[in-house]
Number of protein chains: 2
Amino acid sequence: MPGEFDFIAWVRTQQSSDALVQLPAGDDLAVLRWPGEPLLVGVDQVLDGVHFDSVLHSPRAIGRKVMNRNLSDCAAMGCLPAAAVGTVALPSSVTMDYAKEIYLGLRDAADPYDCRIVGGDTGAWPGKLVVTVTILGTSAGVRPITRHGAKPGDALYVTGPLGGSILGRHMTFEPRVQLGRTLAQSGTVTAMIDLSDGLSRDLSHICDQSGVGAVLDAAAIPIHADVARLPPGKRTPLEHALHDGEDYELLFTGVAPPGCAAIRIGRITREPGVWIERGGNRERLEPRGWEH
Amino acid sequence: MPGEFDFIAWVRTQQSSDALVQLPAGDDLAVLRWPGEPLLVGVDQVLDGVHFDSVLHSPRAIGRKVMNRNLSDCAAMGCLPAAAVGTVALPSSVTMDYAKEIYLGLRDAADPYDCRIVGGDTGAWPGKLVVTVTILGTSAGVRPITRHGAKPGDALYVTGPLGGSILGRHMTFEPRVQLGRTLAQSGTVTAMIDLSDGLSRDLSHICDQSGVGAVLDAAAIPIHADVARLPPGKRTPLEHALHDGEDYELLFTGVAPPGCAAIRIGRITREPGVWIERGGNRERLEPRGWEH
C-alpha cells in the first residue's frame, strides 16, 4: 500500500467540522465540543516489527511505549490526559503473565499523570502482537494548541536534542506533558506538534496546515549524543537530527515563554516550503521522516 | 494464553472507581463523570482469522462489523453514539483502495447514527489485518443501563432469535441502538447486555455482576431460522441458541415497556447460578459461549 500520508490526506477529504467536531482528524488529537468542556481524543497503535520488536523488547516496555505515544499527543495539544482504553491482539503462544506485563506497562506510563485506564479489548490470535491505546484529554480551561496557528514572523523552537532514537530512546522517552501544558498556558505559542515522524516531516505538517513556510538554522539544530553512537551510514549527524523520527520532543512556533528551556531553531515565513540555511546558503528541505 | 475472561477478571482487580470513573472496565462501556454530562467509552477490535476472514469478507464488510460491534455496546448501555476513532494495521500487500473500503465500511455503519469518525491511526506491516474502533457515547439525559442492576423477581428478555450467526449474520447484523435507547428511557429495565459471547455466557455476566441467578424457560428461547441451515453437528438447535454467540441482540432484565417486541425467556432469582427449565426439570447451565 502507498504511504500512510496519502491515505490520511484522503480520509481528511471525507470529513468535516460540524456542531460536534471542532477540529477533525489530522492534528495530534481531535477536539470535540462536548457538553461542559472540549474533549480531546486520539488513538495510536504499535505493531510488532514496525514500532517495536517483540524479540528484543519486553511486554512492559511495549505497553509503556504505546501509552507514552498517546501522552505525547496530549503534550502536543497542551491538554491534560484523563482516561484511556486499549486493545491487545496477543499471539496465541504467549502467557497470561505476558499480557499482564503489557497492562502494567500501560499503567507505568499513565499513572504519573492520573490518566485512568477504563476499558479495553483483548484477544488471542494466530498473528503478531498489536497494542492500541485511545486517549481522552481535557482542555481544563486552556485552549488546545493545534498545527494550524503558525504565523509569518513566529520563531520556531524544539524542546530537546534530536536524532538516533533507534538506539533505544524510541522505547524509553518521556512524553513532554507538563511542558506542553506550560507552553499552551503561556498564550504565546501559536502551533505545536510532537516529533514522531522526524523534524523535516513534522515541520512540513505545521507549514501545510498553517499555510506558511519555515527556514531552519542548521547551526542551531540540537543533535542528540546518540547520533555519534550510530553505526556509520549515509546520513550526516545533521541529517539524522532532521529526519530520524521518534524523538517525541515538542516542536512549536510563536514566542517561548520566559524560563522555558526550548531551543530556537528557525523561523516561520510567508513563503511556503521548508528551507534550511547554513553558512549563508539556503536549500529546500524535503520531508524524509519515517512513515510508520 | 488462557481465556480472555481470566485476563479481564485480573485487570478488574487492578482498577477502581474514583472521581472520574463512575463505572470501570467490565461493562459494555465505561462510564466517566465528565464535566457537563457522563461520557461513555469503549473499544473493540476485530482480528483476521478470529472475527472475520479476509479471504471471504470484503474490507467494507469488515469495517462495518467492527463499527457495528461498538454501536451494539452503545445499544446495551442505552446511550447515543457520538464519535469514534479507529486504527487499521494493514498487510503490506493491500492497496490504498482496500484501506479506503475499510474506512467506508466504518462510515456505512456510523453515519445513520450521526456518529462521527474523528481520528485514527493507520500503518502497514508484515502481518494480518487488524481493525479497532473506540466509541464515545453520550447519556443525553438517560441513566446508562449496566450489567449490575438485575434484581430477584425481574423478568428476563431477549430482543430477537438466537443461534447460527456464523452463517453470515455475524458480519451483517444491525445494532439495536434505538431499541436500547427506548429500553433505557422506559425506567423499567434494570440490567442490559448485548449478546456477543452467547446467551449462556452473557447471562452469566449479568448474574455475576448483579449478585443474582437466573432461570431460563427452554420452550421460550427463540431459535433463529439460520440454525436449521447449519451443517449437522453435536449441538441441538436449543444449544445453538444458548451458546453460539455474535447474535448482537439485547438481553435485559426488569419489565419490558409496552409495545416493545422483546421475548420473555426467563426470570431472575435470588439463588445464584444460571439454570434452564424444560418439561418440569431444572438443570444447571454452564456458560459455553465463544471466547473471542
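This report covers strands, symmetry, cysteines and salt bridges in a predicted model.

Local features need pLDDT of at least 70, side-chain atom pairs count only at pLDDT 80 or more, and totals for chains, interfaces and linings use all residues. Residues are numbered from 1 along each chain as its sequence is written, chains are lettered from A and ligands numbered from 1 in the order in which they are written, and side-chain values use heavy atoms, without hydrogens or water.

**Strands**

Helices (H or I, at least four residues) and strands (E, at least two) are DSSP runs, numbered from the N terminus. Two strands pair if DSSP finds at least two bridges between them. In chain A, strand 9 (residues 213–217) runs parallel to strand 12 (residues 273–278), with five bridges. There A:Val215 has A:Trp275 as its bridge partner. Strand 12 of chain A also pairs with strand 13 (residues 281–284) of chain A, antiparallel, over four bridges. Here A:Ile276 is partnered by A:Glu283. Two residues lie between the strands of this hairpin, and A:Gly279 takes a positive phi near 55°.

**Symmetry**

Copies are superposed by least squares on the C-alpha atoms of residues with pLDDT of at least 70 in both. Chain B lands on chain A after a rotation of 180° with 0.0 Å of shift along the axis (RMSD 0.0 Å). That is the relation of a two-fold axis. In chain B, the C-alpha nearest the axis belongs to B:Gly36, 2.0 Å from it.

**Cysteines**

A disulfide is a pair of cysteine sulfur atoms within 2.5 Å. Over all chains, the structure holds zero disulfides. The closest cysteine sulfur to that of B:Cys74 is in B:Cys79, 3.9 Å away, too far for a bond. B:Cys207 is in no disulfide either; the nearest cysteine sulfur, in B:Cys260, is 20 Å away. Buried means under 20% relative accessible area, exposed over 50%, partly exposed in between (1.4 Å probe, protein chains only). B:Cys74 is buried at 0%, and B:Cys207 is buried at 3%.

**Salt bridges**

A salt bridge is a side-chain nitrogen of Lys or Arg within 4 Å of a carboxyl oxygen of Asp or Glu. The count is 38 over all chains. The table gives examples.

| Pair | N to O distance |
|---|---|
| A:Arg64 and A:Asp108 | 3.0 Å |
| B:Arg60 and B:Asp108 | 2.8 Å |
| B:Arg64 and B:Asp108 | 2.9 Å |

B:Arg64 sits in helix 2 of chain B and B:Asp108 in helix 3 of chain B, 44 residues apart. B:Arg64 is partly exposed at 30%. In chain A, salt bridges with shared partners join A:Asp44, A:Lys65, A:Arg69 and A:Glu246 into one network.
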